[in-house]
Amino acid sequence: MAGRREGLLTRNSNGNSLRGSRIAVAITIGVLLGCVFAFLYPHGLFRSDPQITNPRFVKSNLQVGSPSCESPERLKMLKSDIVALSEKNADLKKQVRELTEKLRLAEQGKDQAQKQFMVLGEQHKAGPFGTVKSLRTNPTLIPDDSVNPRLAKILEEVAVRKELIVALANSNVKSSLAVWFANIKRVGIPNYLVVALDDDIENFCKSNNVPVYKRDPDEDIDSVARTGGNHAVSGLKFRILREFLQLGYSVLLSDIDIVYLQNPFEYLYRDSDVESMTDGHNNYTAYGYNDVFDEPAMGWARYAHTMRIWVYNSGFFYIRPTIPSIELLDRVADRLAHSKAWDQAVFNEELFFPSHPGYTGLHASRRTMDFYLFMNSKVLFKTVRKDAKLKKLKPVIVHVNYHPDKLSRMEAVVEYYVNGKQDALDRFPDGSNW
């Protein structure tokens, strides 16, 4: 009995062991098959997506959506959409440019005191009595070559230290222009430019090796330039000069009826926004004086003190590229465009009139040039030529602004100061004959 029991236990043990081995083998085979199928069919054995399960379909599906298989109508529609999007993109770019320009102008229009503070640094305490000096100049503008790239290129070649003489001329002043640039060349002034207002003057300057610039066509300006008289042409300069200042250049604006005897850039102070010659003829009229107004009807208060100064000459002034300078040009050009006022009167009113109810004055600094160095023709013919000591002075320029016989007086000035002919000025009257 004992032997039989032992045999049964042995068989049962062997059967269980064999059964366990088979199960282990089956599990192993199942795991291996699972790994194989997972590798061969990562997206599932029964997934029916033709783009995944059969790579041959991928190429054919892409080809169906390609432009080559589109109908002509569809292609035409797509092209139309592209054109419309391009136009819309161009409009958006234009709007961006316009907004950028408005932003730039808005920045320029900010409070000038704040701008000056930002540029010049921290605030300061007042120093000891008698030592405090206020600012004389406004900060210069950041140059903007995009305003006029063609002019910017010319100025790079002509200007010296970012400054130059600029004159406007049309065919009406051709003879005087010849005297004008002949003496500039004789003195050796390299930085000057003629703004030609017609083709004749442009060709005349080129034939005489004179730096010249002719603006792009602008009917509003060109109509005046072709047929306008002295005052009308003078009014154009305020509009034209604006571009020079925006490009970052200081300009010594010059009329044509001026004889250059020395280089004016050696006599400028450059400490103001505008530095101008005067129509005054002595220290009082040129630099200002206390003029007492007498009104007897007021009794005890019959005397009223006033300050007077003779006007700046709008045909010869040095202007720096600053915000107040730009504003001055804009104000004068705008007023001249809407009235028949004399440009010199408007130029001085905008420079000197203070702020008052209903009007905001221009905050520009000013300097009056030495009237013996930058001489007008009244000073020369009424005073200097009759004074033995003053006759020995050599002015920087002589501006024949007080007399209509300009060419003959310009030639006489050259004869006297350049060729040494002592009686060259004697034949002319102090004033004009009419």
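Biologist: In this predicted model, which residue meets the side chain of Lys-237 in a salt bridge, and where does that partner lie?

Modeller: The N to O distance of the salt bridge made by Lys-237 is 3.8 Å, and its partner is Asp-255. The pair links distant parts of the chain, 18 residues apart. Lys-237 belongs to helix H10 (residues 230-246), while Asp-255 sits in the loop between E4 and E5.

Biologist: Is Lys-237 buried or exposed?

Modeller: Buried means under 20% relative accessible area. Its partner Asp-255 has 22% and so counts as partly exposed. Lys-237 has 3% relative accessibility, so the residue counts as buried.

Biologist: Which residue forms a salt bridge with Arg-302?

Modeller: Arg-302 is partly exposed because its relative accessibility is 27%. The partner is also partly exposed, at 36% relative accessible area. The closest N and O atoms of the pair are 2.8 Å apart, and the residue joined to Arg-302 is Asp-294.

Biologist: How many residues apart are Lys-214 and Asp-199?

Modeller: Their side chains meet in a salt bridge, at 3.5 Å from N to O. The pair links distant parts of the chain, with Lys-214 in strand E3 (residues 212-214) and Asp-199 in helix H8 (residues 199-207). Lys-214 is partly exposed at 25% relative accessibility, and Asp-199 is partly exposed at 48%. The two residues are 15 apart.

Biologist: Which residues are linked with Arg-331 in a network of salt bridges?

Modeller: Arg-331 is one of the buried residues of H12. The structure holds 20 salt bridges. The residues networked with Arg-331 are Glu-327, Arg-335, Glu-349 and Glu-350.

Biologist: What is the distance between the end C-alpha atoms of H12?

Modeller: Helix H12 covers residues 323-337, 15 residues in number. At 1.5 Å a residue it should span 21 Å. The model agrees with this, since the end C-alpha atoms are separated by 21 Å.

Biologist: Which residues are in contact with Val-332, leaving aside its neighbours within four places in sequence?

Modeller: Val-332 lies in helix H12 and counts as buried because its relative accessibility is 0%. Its C-alpha atom is 6.1 Å from that of Val-346, although the two are 14 residues apart along the chain. With sequence neighbours within four places left aside, the contacts of Val-332 are Phe-238, Asp-343, Val-346, Phe-347 and Glu-350.

Biologist: Within what arc do the buried residues of H6 fall?

Modeller: In helix H6 (residues 149-158), the buried residues are Leu-151, Ala-152, Ile-154, Leu-155 and Val-158. Seen down the axis of H6, they line one face of the helix, because they fall within an arc of 165 degrees.

Biologist: Which exposed residues does the face of H6 turned away from its buried side carry?

Modeller: Exposed means over 50% relative accessible area. On the face of H6 turned away from the buried side, the exposed residues are Pro-149, Lys-153, Glu-156 and Glu-157.

Biologist: Which residue of E9 stands opposite Val-274?

Modeller: Strand E9 (residues 312-319) is mostly covered, with eight of its eight residues buried. Strand E4 (residues 250-254) joins E9 through four bridges in antiparallel fashion, and Ser-254 stands opposite Phe-316. Strand E6 (residues 274-278) also pairs antiparallel with E9 over four bridges. The E9 residue opposite Val-274 is Ile-319.

Conventions:
Residues numbered from 1 in each chain as written. Predicted model: local features only at pLDDT ≥ 70, side-chain atom pairs only at ≥ 80, totals over all residues. Heavy atoms only, no water. Buried < 20%, exposed > 50% of the residue type's maximum accessible area, 1.4 Å probe, protein only. Pairing = 2+ DSSP bridges. Expected span 1.5 Å × (residues − 1). Arc of directions from axis to C-beta. Contact = heavy atoms within 4.5 Å. Salt bridge = Lys/Arg side-chain N within 4 Å of Asp/Glu carboxyl O.
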